[in-house]
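Welcome! Let's walk through a few terms together and see how each one is earned.

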Amino acid sequence: REDLADITHMRLLVDVTALRESMQHGDDAWEAAIVAAAHRLAKVESQLGEGPKVLNEVWSGLHRDYHLALLAACPSQRQRAVCASLFDQAERYRRYSARHRLAHHNKSKEHRRLMDAVLKRDSDTACVLLAEHIRSTQANVEAALLRLEVSQR
């Protein structure tokens, strides 16, 4: 829990700022890369079906590509590298969250809303959506761990 809380805290500090800066500096090619990454991810997500999921390597790679595309116009190479590292560190928690989620969670819709806000250059909305997206993994993992603890009593 402490590790995930730390990763989440750092992603909220670094990724949200990187997104805002990316939106300030992004050009048409950056926007096109986001749309392409979102399209590839949505196609794979549509094949996953309903209910708890075991996220595969294809989805994980496309999910990473999508998130890094959002941040790709951030002018700081070091900041982008930190974002990528934190994203990778959160992967085991994303997988746990997906496997133990009780309710259907439409990530594709979340990703689409985030992309739409980014493309509109609505940085306040985009940053709020990204922060919610990042926090959702922590909340889902916490809920799954609580259920596990209760079941073991």
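Q: At what angle do helix α2 and helix α6 pack, and how far apart are their axes?
A: In this predicted model, helix α2 (residues 28-46) and helix α6 (residues 107-119) pack at about 170 degrees, with axes 10 Å apart.

Q: Why are α2 and α6 called roughly antiparallel?
A: Angles over 145 degrees count as roughly antiparallel. The angle here is about 170 degrees, so α2 and α6 earn that description.

Q: What makes up the contact of α2 with α6, by class?
A: There are nine nonpolar, two polar and three charged residues. Among the residues that meet are Trp30, Ile34 and Leu41 in α2, and His111, Met115 and Val118 in α6.

Q: Why are α4 and α5 called oblique to each other?
A: Helix α4 (residues 77-89) and helix α5 (residues 91-100) pack at about 40 degrees, with axes 4 Å apart. Roughly parallel would need an angle under 35 degrees, and roughly perpendicular starts at 65. The angle fits neither class, and α4 and α5 are therefore oblique.

Q: Which residues of α4 and α5 meet?
A: Phe87, Asp88 and Gln89 in α4 meet Glu91, Arg92, Tyr93 and Arg94 in α5. By class, this contact has two nonpolar, one polar and four charged residues.

Q: What does the charged end of Arg94 sit over?
A: The charged end of Arg94 sits over the ring of Phe87, 3.9 Å from its centre. The distance part of the rule asks for within 6 Å.

Q: How do you know that Arg92 forms a salt bridge with Asp3?
A: The closest N and O atoms are 2.3 Å apart, and the rule asks for within 4 Å. Arg92 lies in helix α5 and Asp3 in helix α1 (residues 2-25), so the pair ties together parts 89 residues apart in sequence.

Notes. Residues are numbered from 1 along each chain as its sequence is written. This is a predicted model: local features need pLDDT of at least 70, side-chain atom pairs count only at pLDDT 80 or more; totals for chains, interfaces and linings use all residues. Side-chain values use heavy atoms; hydrogens and water are left out. Axes are lines fitted to C-alpha atoms, for helices over the stretch in contact, and angles run from 0 to 180 degrees between N-to-C directions. Helices (H or I, at least four residues) and strands (E, at least two) are DSSP runs, numbered from the N terminus. Angles under 35 degrees count as roughly parallel, over 145 as roughly antiparallel, 65 to 115 as roughly perpendicular and the rest as oblique. Contact means heavy atoms within 4.5 Å. Ala, Val, Leu, Ile, Met, Phe, Trp, Tyr, Cys and Pro count as nonpolar, Asp, Glu, Lys and Arg as charged, and the others, Gly among them, as polar. A charge sits over a ring if NZ of Lys or CZ of Arg is within 6 Å of the ring centre and within 35 degrees of the ring normal. A salt bridge is a side-chain nitrogen of Lys or Arg within 4 Å of a carboxyl oxygen of Asp or Glu.
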